[in-house]
Amino acid sequence: LGLDGFRAPILMGITDELLKVDYVPILVRGGLEGPCQIDRIHSLVDRRVDGVILFPDLDTRPDEYLEEVWERGIPLTTVDRVMLATHTDFVGTDDIRGGRLAAEHLLGLGHRRLAHLAAPQEATTARGRKEGFDEAVGKIAGATVKTVDEGTWLMDPVTTRELLMAPDRPTAVFCDSDQMAAGVYEVARQLDLRIPEDLSVVGYADLMMNKGMHPSLTTVKQDPYAIGQRAAQLILERLGGTCTSEEPVRVRLKPELIVRESTDEPFSGF
């Protein structure tokens with residue numbers, strides 16, 4: 001794990017749950033991209049760990065990537081991102097529902113020209129949010145969505161500036177992360193666009209950083225602490241024999257829309 005504002009609570013949830021039953025967590029963080037990640041996993045396996053909880057670098061890793069883990073019969077659960085090509089267990093957020101909640105909120109306010117600042121679509125989390133958002137927008141006659149693939153979980157100020165300066169600019173923007181939303185606030189300020197009067201903004205995650213945002217950010221709230229708790233519980237259930245499913249267990253926690261001051265009805269001039 002890399003300890004950012006989302007992953008740190010996941011770690012806390014894992015740790016608290018394991019310590020309840022006298023299991024001692026070993027944390028491996030940072031530098032886990034590419035071949036380095038499997039090297040770290042092998043290092044843990046060599047130390048005879050009872051189970052592994054993994055935040056995967058790539059969702060597309062094949063089952064063979066984890067061959068040594070399977071050979072040792074070690075239970076493995078991924079958090080946040082599901083590795084669809086493997087038979088690992090998974091605990092994360094129902095991101096399709098999250099994207100749908102954001103779209104339904106903006107559409108319910110009357111917005112019909114929407115934009116989606118999307119994170120890299122290689123991630124199952126980003127794909128889910130896009131699927132849910134597009135599905136909801138597609139059900140409303142006259143509603144359109146312009147998707148901007150940011151190529152990162154942060155916002156590209158150049159593409160966002162172009163988006164908000166266009167003659168048919170959106171009246172509302174859905175961001176795949178709260179960090180993106182913070183960037184939209186800054187670009188809007190530079191362009192003298194008022195939030196929410198000229199532009200409604202929805203984020204995703206409900207991180208602590210939101211407390212410093214003005215106006216306060218409407219966002220789709222995830223529960224990273226609960227994700228960590230449930231991941232640890234799933235490992236313990238595998239170890240204790242109460243979970244014997246040969247199929248991967250995939251748990252998706254329901255997100256919640258938190259409505260604050262950054263969204264409102266579209267300006268009457270649109």
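At what angle do the axes of helix H6 (residues 157-165) and helix H7 (residues 178-190) cross? Let us start there, keeping in mind that this is a predicted model. Two packed helices are described by the angle between their axes and the distance between the axes. Here the two axes come within 10 Å, and they cross at roughly 55°. Angles under 35 degrees would count as roughly parallel, and those from 65 to 115 as roughly perpendicular; H6 and H7 are therefore oblique to each other. As for the hand of the crossing, H6 passes H7 in a right-handed sense.

Which residues make this contact? From H6 come Pro157, Thr160, Arg161 and Leu164, while H7 brings Val184, Val187, Ala188 and Gln190. Sorted by class, the contact of H6 with H7 has five nonpolar residues, two polar ones and one charged one.

Stay with H7 for a moment and look for glycine 183, which is found in this helix. Is glycine 183 buried or exposed? The cut-off for burial is under 20% relative accessible area, so glycine 183, at 15% relative accessibility, counts as buried. To get a feel for the distances in the model, you can compare glycine 183 with serine 43: the two are 140 residues apart in sequence, and their C-alpha atoms are 39 Å apart in space.

Now on to the strands. Strand S6 (residues 172-175) pairs with strand S7 in the parallel sense, over three bridges. One place to see this pairing is alanine 172, whose bridge partner in S7 is serine 200. Strand S7 itself spans residues 200-205 and is mostly covered, with six of its six residues buried.

Another stop is an open sheet of four strands, arranged in the order S1-S2-S3-S9 with parallel pairing. Which strands stand at the edges of this sheet? They are strand S1 (52-54) and strand S9 (250-253); each has a single partner strand, so one side of each is left without a neighbour in the sheet. Ignoring direction, neighbouring strands of this sheet are turned by 15° against each other on average.

Within the order S1-S2-S3-S9, S2 and S3 are neighbours. Strand S2 covers residues 76-79 and strand S3 residues 89-93, and the two pair in the parallel sense over three bridges. If you would like a pair of residues to look up in this pairing, try valine 79, which stands opposite valine 91 in S3.

Key: Residues numbered from 1 in each chain as written. Predicted model: local features only at pLDDT ≥ 70, side-chain atom pairs only at ≥ 80, totals over all residues. Heavy atoms only, no water. Axes fitted to C-alpha atoms, helices over the stretch in contact; angles between N-to-C directions. Parallel < 35°, antiparallel > 145°, perpendicular 65-115°, else oblique. Left-handed = near helix turned anticlockwise from the far one by under 90°. Contact = heavy atoms within 4.5 Å. Nonpolar A, V, L, I, M, F, W, Y, C, P; charged D, E, K, R; others polar. Pairing = 2+ DSSP bridges. Buried < 20%, exposed > 50% of the residue type's maximum accessible area, 1.4 Å probe, protein only.
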